[in-house]
Structures are given as structure tokens and as C-alpha cells.
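Visitor: I am new to this structure and would like a close look at a single part of it. Please take me through the sheets of chain A and what lies around them.

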Amino acid sequence: MAQPPPDAPAIEVTELRKQYGRIEALAGLSMTVNRGEVFGFLGPNGAGKTTTVKLLLGLARPTGGSGKVLGAPLGDLATRRNVGYLPELFRYQPWLRAREVLTLHGELIGMKRARRRPAAAEVLELVGLADRSEDFVGKFSKGMQQRLGLGVALMGEPALVILDEPTSALDPIGRVDVRAIIRSARERGAAVFLNSHLLSEVEQVCDRVAVVDHGRVIASGSLDNVLGESETQVLVAGIAATDLPAFETFGAATLDGDRLSIRPMDAERVPELVNLIVSMGGRIREVRSGRSSLEQRFVELVSRDRSMAGTPTTDVEQPS
Amino acid sequence: MITIARLTIGEASRRRVLWVLVGLALVAVALVTWGVDRLVELIREQGEAELQVKLVVSQLLIFIAFMFTFVLAMTAAFLGSPAIASDLESGIAQALLARPLRRSSYLLGRWLGLSIVVVGYALGSGLLAIAAAGWVSGYTPPSLIVPVGYLAMQAIVLMTFALLLSTRLAPIAGGAICVVVYGLAWMSGVIGDIGTALGASGVAAIGDIGHILMPTDGLWRGVVYGLEPNIVIAAVGDSPAGRANPFFASEPPSQAFLAWTIVWLALVLLLAIRQLRRREL
């Protein structure tokens with residue numbers, strides 16, 4: 001099996017563009033996914049996530065920009081031996097047995113005949129379908145087909161695994177299994193590109209994330225970077241909007257009813273903030289301090305991006 | 001390509017298409033055998049000469065072959081028209097084409113697999129029907145391989161056309177268009193023959209154009225020629241009546257036409273590959 005250049009990033013795209021008629025699906029998307037990392041690719045519907053995946057796999061051609069997958073240009077045929085893919089709309093030949101789907105993909109990636117059956121058995125075991133190996137795919141539930149698709153993506157231990165919404169049809173147990181499978185792929189050195197709407201899932205397995213909207217990356221970096229802004233929320237009575245300038249030394253303050261939010265704010269300064277509120281006559285009922293969840297951060301990033309009507313945000317952190 | 005061809009044949013077998021075709025072929029052969037047997041018995045009861053038996057059986061075989069070409073055309077059209085389209089619609093093709101598999105290899109693999117299925121069906125049913133008719137009547141055409149060879153080629157032509165449509169159109173639309181085009185090609189051939197018989201060159205050209213655009217009717221003439229006894233060809237010869245009859249051929253398709261059919265197949269396959277390559281998945 002062809003070995004990719006070991007030092008090249010798993011994915012490297014620069015100013016990638018894709019136009020479908022008058023619709024601009026990608027408007028200059030740049031990002032880098034390193035070897036051996038789990039990379040979360042987040043974005044609202046229609047942001048260009050699946051288009052990006054299709055360009056990475058050579059299923060569609062970019063109208064501008066450039067990119068490399070495992071060091072080879074986008075769409076390179078030989079490189080695809082080392083790329084596993086679970087499509088968003090997963091569907092496999094219903095007339096084949098689960099094992100046969102996997103050996104077919106083993107054959108397509110150039111796996112030696114003698115290796116295909118054992119490899120299929122290993123993968124079926126990994127995705128929890130060992131006892132359904134001889135069943136026809138047509139009899140499988142959607143969740144089982146998605147597990148099989150995950151197995152297809154893992155056949156041949158590819159250096160890059162691209163998973164497009166890998167748990168959309170799975171129950172909670174299946175989701176836990178998928179997280180374990182993703183972690184084990186990372187442990188053997190594979191890069192995993194995880195396209196997901198499930199922010200909690202991304203939060204639990206990804207080393208780095210990119211948030212995409214309107215066809216470009218609006219924020220990216222390590223989870224800590226993207227989630228990093230610590231926030232303090234105080235449920236308080238006796239404070240009015242006119243008092244907000246007094247809190248500016250802590251961070252940007254907003255008041256929503258009786259909820260005072262200050263972000264970003266260093267958690268070390270919470271006692272100081274409490275003293276100030278009390279001295280201003282505020283009556284505190286609850287104080288919470290910590291990072292905003294990825295979901296909050298995601299909504300905030302996308303809303304900010306949209307309010308700026310398509311101009312690049314100032315806090316875009318280009319991937320390294 | 002071989003992997004996809006094998007997969008295609010496996011699909012035809014697992015989805016019971018092959019077995020349905022084999023079953024239908026056996027039923028058709030049984031009916032042909034029974035029909036020819038009864039007819040020969042009736043003719044012999046009337047004290048007709050063996051030559052008469054030969055003539056009637058040859059004409060009956062041509063008529064049966066004509067009906068069989070329709071069945072074959074339908075089979076080819078409805079095997080070819082979903083071959084690519086349904087894989088693309090369902091997402092099966094995306095999973096395959098994300099692998100190191102060229103789109104051309106995928107398409108040619110589908111073509112090769114389906115060609116083996118339709119040729120197998122055409123040869124199997126055709127040879128079996130001719131052999132059964134020969135067994136009960138004593139008449140076998142001058143050549144076995146010529147008529148069934150043309151039948152098989154006709155099926156390949158139509159299936160290839162259906163495959164081309166399949167790269168762009170939904171299965172049902174492709175299948176329907178294919179059957180209509182097949183019918184139009186046959187009609188243009190008949191109109192062209194009438195034009196030739198009447199000496200109207202303009203009308204005759206319709207047949208020629210039809211043969212160039214869709215070679216199925218030209219190949220049908222090869223089937224007819226292969227099923228006729230030499231005595232009929234000698235008797236009818238190149239007369240206007242013979243020329244105007246779509247169930248008679250005084251000569252086999254020309255070498256030039258056969259060469260064109262091969263070129264036609266190559267062109268349609270190239271066009272199909274180009275369409276599939278240009279398609280965004």
C-alpha cells in the first residue's frame with residue numbers, strides 16, 4: 001500500500017473556493033489538520049462542511065484555491081488508499097453481506113486478498129458488528145449501517161479518517177462506542193476529520209476545532225483556545241444597565257434581566273467583583289464562573305460573523 | 001474495473017435478476033418448442049412438403065426473434081438505466097468513488113458486467129430456442145452464431161445507450177427514453193426500407209440516418225438474415241417487396257455498418273465517461 005509522505009499535514013487547504021452556479025459554497029477556506037489529531041469541523045447548516053469534505057475526497061472539484069491531503073494534491077487517486085470516509089448519507093450495497101462490503105473496500109484500496117477477510121473481521125469487531133458479519137446489509141437498521149460505514153472508513157488503517165456526521169443514526173451507546181473508536185484511531189497515529197453537528201461530541205474527542213460559516217473558517221484552534229474565554233455570571237437584584245460601565249474593568253459586561261454576564265473575565269477576580277456589586281447595593285443570589293460551552297461559543301461566533309455581513313471577523317485565528 | 005464488473009454480475013445474481021431472466025427464458029423456450037411442434041404437426045398432417053415446413057418454421061423463428069428483441073431491449077434498457085443513476089442517488093457510488101477507483105473504471109466495470117449479463121441472456125435464450133425448434137421441426141438456420149450474435153450486439157448497443165443516459169437522468173426517465181428511441185430506430189428502418197422499395201431516396205435516407213444514430217435496427221436485419229434459409233434469400237432476392245419487408249433481409253449488415261457500430265459503442269462509452277467525470281458528486 002502506498003505510504004504518504006510522513007511529515008506532510010493530513011489536510012492543508014488554502015483559500016479553497018467552490019461555486020455552484022451563483023451560490024458560493026466555499027469562499028476561501030483555509031485550514032490545516034495535523035497528523036495524529038482529531039479535528040472537529042463545525043458549522044451551521046449550509047456553511048460548506050460537506051462541500052469541503054467532497055473537495056478533500058476528490059468527489060467535487062474546487063473552483064479556486066489549492067489543497068493537499070496527506071501531502072498530495074486534492075483528488076489524487078493513489079492517496080485515497082490512505083483515506084477512509086464515512087459519508088453523511090451512508091448507503092452500502094444492500095445485496096452484500098456486511099463482511100463482503102468490507103472486503104470489497106479492502107480490494108478497492110489494494111489490500112492483498114489473504115488480508116481482506118481478517119481485516120474485515122477485525123473491523124467488524126471494532127464497530128460492534130462481529131455477530132452480524134454474514135447478514136445482508138439490506139436487513140440492517142440505519143444505526144447498524146452507520147456502524148458498517150464507520151468500519152468501511154477504518155478498513156486498511158488509513159492515515160486519515162474523514163467522518164461526516166458519524167453518529168447521526170446512533171443511540172447513546174453507539175455514540176460512546178464511536179468516541180472510543182475515534183480515540184483508538186488517534187492512538188494508532190491516524191488523523192480524524194470529524195464533521196459534526198453534535199457539539200458535545202466534538203468537545204469530548206477533538207484536539208482542535210474549526211468553526212466554518214459562509215464557506216470560510218471563522219475561528220479555529222485548540223479546544224482551549226476556542227472555548228477559552230472564561231465568563232462570570234451573577235444573578236443579582238438592584239443593578240441597572242446604567243451601572244454597567246462600573247464593571248468594564250473586569251471585562252465586557254451585559255445585563256439580561258437579573259443576569260449580569262462579564263466576558264472574558266479572569267475567575268481570580270470574582271471576590272473583587274462580588275465586593276463591588278455589594279458596595280453598589282446589589283443583592284447577589286448566585287455567582288458562576290467558568291468557560292462558555294462550545295455551543296454558546298459556536299452560536300456567538302456564527303451570530304457575530306453574520307452580523308458583520310460576510311466580512312472576516314477580527315478574531316479569526318488562522319490554523320498553524 | 002474487473003472488481004466493479006464482478007460486483008455488477010453479483011448484484012444481478014443476488015437481486016435475482018439473473019434467475020428471473022433464466023426462468024423467463026426457459027418458459028419462452030418451452031412455449032416456442034410447443035408452438036413449433038404443433039405447427040409442424042399441422043403442416044405435415046396436410047401433406048405439405050418438407051420445404052414448406054422449413055419455410056414456415058424459419059418465418060416463425062424470425063417472428064419469435066422479433067418479439068424476443070423487444071424483451072431483450074426492455075431488459076437492456078432497464079438494466080442499464082439505473083446502473084449509474086441509482087448508485088448516485090442512493091450514495092453507494094460516493095462511497096466507492098472516494099476510493100482509488102477512477103470514474104472511467106467504475107463506468108466501464110458496470111458496462112462490462114451488464115454486457116456479460118445481457119449477452120449471456122441473449123445467447124442462452126436464442127441458442128436454446130433455435131435448438132428446440134430444430135429438434136421438433138428438423139429445421140435449423142444456416143448459422144447459429146450469426147443471428148444470436150446480432151441479437152447480443154443489439155442488446156449491448158441498447159444497454160450502452162441506457163448507461164449513457166444513466167450518468168445524467170433518473171433510472172425511470174432513462175429507461176423510458178431508451179425504449180422510445182429503440183422503437184423510433186425500428187420505425188425509421190421500416191420507413192427507410194419502404195423508401196428504398198419505392199425508389200424515393202429522401203425517404204430511404206431516413207433509414208440510413210436511423211441506422212447511424214441508433215444501430216439497433218441495422219443489427220436486427222442481421223438477425224433476420226441469419227435465421228433465413230438460403231432458398232428464401234435466393235427466391236425473394238433484391239426485389240422491391242423484399243426490401244420493403246422488415247422481416248426479410250437479402251444481405252447481412254455491411255462490414256462498414258458493423259465497424260460503425262463498434263465506433264458508435266466506443267463513442268457512447270466515451271461520452272458516458274466524460275459525463276460522469278464532469279458530474280459533481
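Guide: What follows begins with the model itself, goes on to the sheets of chain A, and ends with the nonpolar cores and a short look at chain B.

This is a predicted model, in which local features need a pLDDT of at least 70 and side-chain atom pairs count only at pLDDT 80 or more, while totals for chains, interfaces and linings use all residues. Residues are numbered from 1 along each chain as its sequence is written, and chains are lettered from A and ligands numbered from 1 in the order in which they are written. The model scores ipTM 0.82 and pTM 0.82.

Helices (DSSP runs of H or I, at least four residues) and strands (runs of E, at least two) are numbered from the N terminus, and two strands pair if DSSP finds at least two bridges between them. In chain A, six strands form an open sheet with mixed pairing, in the order β6-β7-β8-β3-β9-β10. Its edge strands are β6 (83-86) and β10 (216-222) of chain A, each of which pairs on one side only. Direction ignored, neighbouring strands of this sheet are turned by 15° against each other on average. At one end of the order, strand β9 (residues 208-213) of chain A pairs with β10(A) in the antiparallel sense over six bridges, and A:V211 stands opposite A:A219 in β10(A).

Two helices lie across strands of this sheet. Helix α1 (residues 49-57) of chain A lies across β3 (38-42), β6, β7 (160-164), β8 (191-195) and β9 of chain A, and runs at about 150° to β7(A). Helix α5 (residues 172-187) of chain A lies across β3, β7 and β8 of chain A, running at about 150° to β8(A). For these angles, axes are lines fitted to C-alpha atoms, for helices over the stretch in contact, and the angles run from 0 to 180 degrees between N-to-C directions.

Chain A also has an open sheet of four strands, in the order β2-β1-β4-β5, with antiparallel pairing. Here β2 (23-33) and β5 (72-73) of chain A stand at the edges with a single partner strand each, so one side of each is left without a neighbour in the sheet. Strand β4 (residues 64-69) of chain A is joined to β5(A) by two bridges, and A:V69 stands opposite A:A72 in β5(A).

A nonpolar core is a set of buried Ala, Val, Leu, Ile, Met, Phe, Trp, Tyr and Cys residues joined through C-beta atoms within 7 Å; a residue is buried if 20 or more other C-beta atoms, placed from the backbone, lie within 10 Å of its own, exposed if 12 or fewer, and partly exposed in between. The largest such core has 148 residues, and those with the most contacts inside it are A:L160, A:V192, A:F193 and B:L158. Its largest share, 15 residues, comes from helix α7 (residues 145-166) of chain B. Contact requires C-beta atoms, placed from the backbone, within 7 Å; leaving out residues up to four places away in sequence, A:V192 touches A:V38, A:F39, A:V161, A:L163, A:I182, A:A185 and A:R186.

By contrast with these buried residues, A:P118, which has its place in helix α3 (residues 113-126) of chain A, counts as exposed because it has 10 C-beta neighbours inside 10 Å.

As for chain B, there are 13 helices and zero strands, and 42% of its 281 residues count as buried.
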